[in-house]
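Welcome to a short set of exercises with worked solutions. Keep the sequence and the 3D structure beside you as you go.

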Amino acid sequence: MPSAQPQFKLSALRRKNLLLCRIDMWGFVSIMLALLFMFLPITTDTPRSVSVDRPHAYHSTSMPGALREDTMQISVTRDGHVYFRIHRIMLQYLTEEIRQGVRNGAEKRIYLNVDARAKYGDTTAVLDQIRLVGIEKVSLLTE
């Protein structure tokens, strides 16, 4: 009695393979486009603060008030430039800008954003200007 196995093997060899032997990239492309459109408005936004290298601290406290729009944030860069919010300002005009910010309804707290390599004299000069206005709540921002 002949076996049916040899016929099965021959018919299996004659059949066309219906498997897709290619990489379908449409799933990857659709995910990348979705991510692009989600993060595009974030990347085109203007910066809210001046870029400084903040000092590292082990026991720092989170300060969510520093992210508000009307905060009075003063930045001192390593080359001695002083910025009030995002605008560069001369040191002698700093007191008037702080007074105007308080008049416009900002919180009576200064967030001081000092570069880790800034000179100590530049920082104390800014602190002296803040004391002239009469604001005693000064928070130093760290990483």
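## Getting started

Buried residues, meaning those under 20% relative accessible area (over 50% is exposed, in between is partly exposed; 1.4 Å probe, protein chains only), make up 24% of the 143 residues in the chain. This is a predicted model, in which local features need pLDDT of at least 70 and side-chain atom pairs count only at pLDDT 80 or more, while totals for chains, interfaces and linings use all residues. Residues are numbered from 1 along each chain as its sequence is written, and side-chain values use heavy atoms, leaving out hydrogens and water.

## Exercise 1: the packed helices

Task: describe how helix 3 and helix 4 pack.

Step 1. Find the elements, which are DSSP runs numbered from the N terminus (helices: H or I, at least four residues; strands: E, at least two). Helix 3 covers residues 94-103 and helix 4 covers residues 120-133.

Step 2. Take the angle and the distance: about 45 degrees, with the axes 9 Å apart. Axes here are lines fitted to C-alpha atoms, for helices over the stretch in contact, and angles run from 0 to 180 degrees between N-to-C directions.

Step 3. Name the arrangement. Helix 3 is therefore oblique to helix 4, as angles under 35 degrees count as roughly parallel, over 145 as roughly antiparallel, 65 to 115 as roughly perpendicular and the rest as oblique.

Step 4. List who touches whom, where contact means heavy atoms within 4.5 Å. Helix 3 brings Leu 94, Thr 95, Ile 98 and Arg 99, and helix 4 brings Val 126, Gln 129, Ile 130, Leu 132 and Val 133.

## Exercise 2: a glutamine in the contact

Task: is Gln 129 buried or exposed?

Step 1. Locate Gln 129: it is found in helix 4.

Step 2. Check the accessibility. Gln 129 counts as buried because its relative accessibility is 17%.

Step 3. Look at the neighbours. Leaving aside residues up to four places away in sequence, Gln 129 touches Leu 91, Leu 94 and Thr 95. With the same exclusion, Leu 94 touches Ile 74, Val 82, Phe 84, Ile 89, Val 126 and Gln 129.

## Exercise 3: an unusual arginine

Task: where is Arg 85 placed?

Step 1. Find the loop between strand 2 and strand 3 (87-89); Arg 85 lies there.

Step 2. Read the backbone: Arg 85 has a positive phi of about 60 degrees although it is not a glycine.

Step 3. Judge the exposure. With a relative accessible area of 28%, Arg 85 is partly exposed.
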